[in-house]
Amino acid sequence: MKDDEDSPDCLTNDEYRYFHQFKMRLHNQTINLKTLIKDQNGEEMKAIDIFAFAIKYMTMVTRQTLIDDISRLIYVDKEYIRYVLTVPAVWDDQAKEFMRKAAEQAGIKENQLTIAFEPEAASLYCQELMTNRDDNTDKTVCEAIKKGKKHMVVDLEVHTGNKIVEERNNCSRGKTADITVLERQEDGLLKMVIPTCSGAWGGTAIDVTFMRFLENVFSSQIVMKLKSKDAFDYMLLIHEFEVKKRLVKTDMTSDIVITLPISLIELMRKYYGGINAAINRSYYGDSVSIIGTQKLSIKPQTFRELFMTTIDNLLEYIEELFQHPKISDVQYIIMVGGFSECELVQKQ
């Protein structure tokens, strides 16, 4: 493998291996230096090598960005850069040590590295770098969350792809939402009030529902055939949903249109006589339709319903959490993570 540390474009090879959501693959297992992760084709590779490879790429992109963005900066001495790697709050010491070792393997020295929890990093970012003012209070996050104040960080990650197939029958395995309550101390530091809570209230839970929707319309056999025979088109379909997922709104009145891959259309023609025939037989026959030959049109209310079970479960849990005596006085919620960009979950 070509390895020229002066260029972020150097990490190329004649042979490519695809490790989808490799970070998420570690959430439900013990992490150590011997942990293995399977690629798209089921072949295993050491997790630490994959993480080190990704971290090394990011360090090179960082240095190149500094050079490109600061015109007077001709050379960046690696010795003067401090790196901060964030990890989920539920990761234990062994997992954090794994990340340290991966960083060292990527060329980051121990004295240049800081490991930080994701919710704490998100909170500090919002308090220190967000200067926009709230329309109702006319305050910035920093002005609102003063020293001694508590706040809740709701991290709604968004993940799509193979994992939704693995979890479609057991949504509870997809720990894709973390809720952390922090208190800003007098010295400005953050203190965790209660242990971080995790649950299947994030983007993956929505993806599971979408997968069931696809299986209901096209059949589970067709969806699995698409994944096994044309993984690229399968990923394009999931990515198409990912884009629409962030755009859904409570007051949306127009249909949601998703572009279907050609290979899916051909599979439907081969096994079911076409997509229209399958739609007419499905539960969603009255709420989805085909535009032209490649566009699937979904009624807005039907599309919103894909979100509501997950959102309702999230709200129910947060309401229960507020009954805890240590956090009953929390007045501010910071929403972070990809799924937080969805206006529908913001409104709810």
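How many aromatic pairs does a search of the whole structure find? In this predicted model, the search finds eight. A pair of aromatic rings is described by two values, the distance of the centres and the angle of the planes.

A good place to start is the pair made by Phe210 and Phe241. Their ring centres lie 3.7 Å apart with the planes at 0°, so this pair is stacked; the cut-off for stacked is under 30 degrees. Phe210 belongs to helix H6 (residues 203-218) and Phe241 to helix H8 (residues 231-247), so the pair links distant parts of the chain, 31 residues apart. Phe210 has 1% relative accessibility and therefore counts as buried, and Phe241, at 1%, counts as buried too.

Helix H6 also holds Phe213, which forms an edge-to-face pair with Tyr284, with 4.7 Å from centre to centre and 70° between the planes. Tyr284 sits in the loop between helix H10 (275-281) and strand S9 (288-291), so this pair ties together parts that are 71 residues apart in sequence. Phe213 and Tyr284 are both buried. These four residues are joined by ring pairs into a cluster that also includes Tyr283, Phe303, Phe307 and Phe339.

Pockets offer another view of the model. The second largest pocket has a volume of about 360 Å³. It is lined by 16 residues, and those closest to its centre are Asp134, Lys139, Val141, Tyr332 and Ile333. Helix H4 (141-144) and strand S11 (332-336) are the elements that give two or more residues to this lining, and S11 gives the most, with three. By type, the lining residues of this pocket divide into eight nonpolar, four polar and four charged.

How values were computed. Residues numbered from 1 in each chain as written. Predicted model: local features only at pLDDT ≥ 70, side-chain atom pairs only at ≥ 80, totals over all residues. Heavy atoms only, no water. Phe/Tyr/Trp six-rings, centres within 6.5 Å; stacked < 30°, edge-to-face > 60°. Helix = DSSP H or I, 4+ residues; strand = E, 2+ residues; numbered from the N terminus. Buried < 20%, exposed > 50% of the residue type's maximum accessible area, 1.4 Å probe, protein only. 1 Å grid on protein atoms, 1.4 Å probe; cavity = no way out; pocket = protein on both sides within 12 Å on 5 of 7 lines; lining within 4 Å. Points joined across faces, edges and corners; volume = space filled by probe spheres on them. Nonpolar A, V, L, I, M, F, W, Y, C, P; charged D, E, K, R; others polar.
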